[in-house]
Amino acid sequence: MTARSSELAPWKALLLAALAAGAVLALEQGSRAQLAWRRFGSPLSRALPQDLTRTSLLAAMGSQSRVAADWAYIDCLQYLGEPANAEDADFGRVLRLYTEVLWLDPGFSHAGREGVSVLGWGLKRPIEAAELIRSARAWDPLEARYPAYLAALGFQRKLDPAGVIEALRPELNRPDVPLQLLRMAGNVYLQAHDTDGAVTYWRWVLQRTQDPLTVAAARRGLEKALAMRRADQAPAKPKKAR
Amino acid sequence: MREVLVIALNIVRQLLRNRILVVLSLCAAGLVGVVAFLGDLGQEAELRLGRDFGLLAVEAAGFFTVLLAHVVLLFEESELKTYNILLVRPVERWQVLAGRVLGAVLLLLMNEASMVALLKALGWWRGLDLVNQDFLVAAVYLAAGGALFSVVTAFFSVLASSVPAAAMFATFAWALGHFTTNLVEWTQRLDRGTVRGAVRLLYWVTPNFSLFNLKDSLDQIGSSLTVGGIFGWPLLYGTLYGGLLLGLALWRYDRKEF
């Protein structure tokens with residue numbers, strides 16, 4: 001190879017310089033236009049969550065944040081699906097895992113709503129659920145579905161099952177409601193010992209969905225509620241005389 | 001231009017004869033299988049995961065198609081001395097190089113189109129609208145990024161002294177091209193002007209592939225199709241940067257001794 005810059009014809013050198021200048025200009029303008037266009041911007045513009053995994057950080061730096069959010073979401077589902085994780089401080093990493101998903105892609109609101117449902121009504125940790133909503137709303141203030149969950153968590157703290165369901169009613173009626181919410185919202189009735197409410201709710205869920213896991217959860221919930229109601233209605237047994 | 005097209009078509013034929021496309025098609029089919037599996041894992045988010053992993057598979061298949069095509073051509077040129085036979089014919093060196101770039105792009109388009117078709121069939125089978133308008137637009141931009149990568153690989157195949165070196169340089173440039181935009185954003189917060197300047201220079205010099213990555217904002221594409229800037233600048237950048245790199249590669253290639 002014997003190429004030297006002096007061997008390049010001046011007009012060719014000029015043409016290459018013009019192409020270089022044009023490329024830099026197009027890159028700068030294109031990046032600026034895309035930055036303004038993208039609803040959420042790069043994850044690196046948001047505060048890094050605690051215990052962020054190296055894979056997610058690397059993916060965020062390599063412009064693969066959306067697919068990394070999907071990957072992190074699969075991690076969430078696998079973590080929840082493993083019964084042994086109940087011994088990990090009662091699924092103690094749920095908040096961290098779902099926060100990572102939303103940090104990578106705040107537009108993945110299904111994951112956010114599902115995480116809140118699991119924390120708020122499955123694991124009964126409303127404080128952590130509210131923390132997840134706060135992060136989600138800070139990163140995606142335009143998402144209109146989070147406030148209903150926040151209101152329901154408020155009712156949950158007061159152990160007001162009717163209030164919880166009323167606040168979540170629009171969400172429960174949506175076709176894309178997280179199934180975790182459908183499976184878990186009925187628990188608030190039992191927590192407040194409202195067996196009639198629980199029976200009505202689970203019967204409604206059975207009519208509404210055909211998802212096998214949700215149907216199974218609804219049947220279990222219905223049986224439990226009916227058993228509690230029978231126990232409540234049964235006359236108190238007289239104490240045996242000694 | 002006719003010579004370039006003839007060379008490109010011959011290169012595609014030659015690569016098909018080398019079973020490159022067969023291997024790549026098997027890999028692509030395997031990737032689509034992985035997409036189906038990962039989508040299934042996503043349960044209620046199956047559609048989103050299917051689209052995202054589908055586009056990732058398209059991008060990965062594009063990368064390997066272009067890289068393998070150039071590596072095989074470079075190997076045949078340098079080790080099997082096919083170049084000497086080619087130069088006996090009345091063709092210019094620039095036509096050979098441009099034909100090689102175009103041939104790899106044609107193979108890339110064939111591979112990506114077949115993958116999209118496979119994903120469409122997968123979506124139809126599972127009752128999901130996997131390949132919608134947004135998906136297609138994102139896939140077209142990934143193909144445009146792949147075309148730029150073809151020029152980058154051709155450039156390194158001229159510059160590097162061996163086949164592995166060319167493959168390594170091209171892979172490194174491809175990876176770096178996905179990072180530099182975020183690195184610039186990251187270093188904006190630093191006080192050190194020299195670091196900021198160095199990263200900005202790197203951002204200008206290395207090929208930028210994140211500009212072609214519309215898949216990270218997939219949900220927004222449909223509502224923004226009339227906003228020309230988002231879609232126009234990447235194509236202009238690809239043309240200008242690709243032209244520059246091809247010009248430099250041709251200049252070196254013209255003086256290369258075989």
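Visitor: What makes chain B and chain A count as being in contact, and how many residues take part?

Guide: In this predicted model, contact is called wherever heavy atoms come within 4.5 Å, and by that rule 54 residues from chain B and 51 residues from chain A belong to the contact.

Visitor: How do you know how much area chain B and chain A bury between them?

Guide: The area is the accessible area that the two parts lose on being put together, summed over both, and for chain B and chain A it comes to about 4,900 Å², with 61% of it on carbon and sulfur atoms.

Visitor: Why is the meeting of Asp219(B) and Arg66(A) called a salt bridge?

Guide: The rule asks for a side-chain nitrogen of Lys or Arg within 4 Å of a carboxyl oxygen of Asp or Glu; the side chains of Asp219(B) and Arg66(A) meet at 3.2 Å, N to O, and therefore the pair satisfies the cut-off of 4 Å. Across the interface of chain B and chain A the rule finds 5 salt bridges, while the structure holds 20 over all chains.

Visitor: What makes Glu28(A) and Arg32(A) a salt bridge, and where do they lie?

Guide: Their side chains meet at 3.7 Å, N to O, which is again within the 4 Å that the rule allows, so the name applies. Both Glu28(A) and Arg32(A) lie in helix 1 (residues 10–37) of chain A, 4 residues apart, about one turn of the helix.

Visitor: How many residue pairs are in polar contact between chain B and chain A, and which helices of chain B supply the touching side?

Guide: The count is 24 residue pairs in polar contact, with both residues at pLDDT 80 or more. On the side of chain B that touches chain A, at least two residues each come from helix 2 (20–41), helix 3 (46–78), helix 6 (133–159), helix 7 (163–187), helix 8 (193–205) and helix 9 (228–254) of chain B. Helix 9 of chain B gives the largest share of that side, 14 residues, and the residues of the side divide into 27 nonpolar, 13 polar and 14 charged.

Visitor: What makes a space in this structure a cavity, and how many are found?

Guide: A cavity is a set of points where a 1.4 Å probe fits but cannot get out, and a search of the whole structure finds 3 cavities of 30 Å³ or more. The largest cavity has a volume of about 110 Å³ and is lined by 14 residues, with Glu59(B), Leu142(B), Gly145(B), Gly146(B) and Trp174(B) nearest its centre. Helix 6 of chain B gives the most to this lining, with 5 residues, and the lining of the largest cavity divides into 8 nonpolar, 4 polar and 2 charged residues.

Visitor: How do you know that Val35(B) and Asp40(B) line the second largest cavity?

Guide: A lining residue must have an atom within 4 Å of a point of the cavity, and Val35(B) and Asp40(B) are among the residues that line the second largest cavity, so each has such an atom. About 50 Å³ of space lies in the second largest cavity, and helix 2 of chain B gives the most to its lining, with 4 residues.

Methods:
Residues are numbered from 1 along each chain as its sequence is written. Chains are lettered from A and ligands numbered from 1 in the order in which they are written. This is a predicted model: local features need pLDDT of at least 70, side-chain atom pairs count only at pLDDT 80 or more; totals for chains, interfaces and linings use all residues. Side-chain values use heavy atoms; hydrogens and water are left out. Buried area is the accessible area (1.4 Å probe) that two parts lose on being put together, summed over both. A polar contact is a pair of N or O atoms within 3.5 Å; within protein, one must be able to donate a hydrogen and the other to accept it, and residues adjacent in sequence count only if both atoms are side-chain atoms. Ala, Val, Leu, Ile, Met, Phe, Trp, Tyr, Cys and Pro count as nonpolar, Asp, Glu, Lys and Arg as charged, and the others, Gly among them, as polar. On a 1 Å grid over the protein atoms alone, a cavity is a set of points where a 1.4 Å probe fits but cannot get out, and a pocket is an open set with protein on both sides within 12 Å along at least five of seven lines; lining residues have an atom within 4 Å of a point. Grid points are joined across faces, edges and corners, and a volume is the space filled by probe spheres set on the points.
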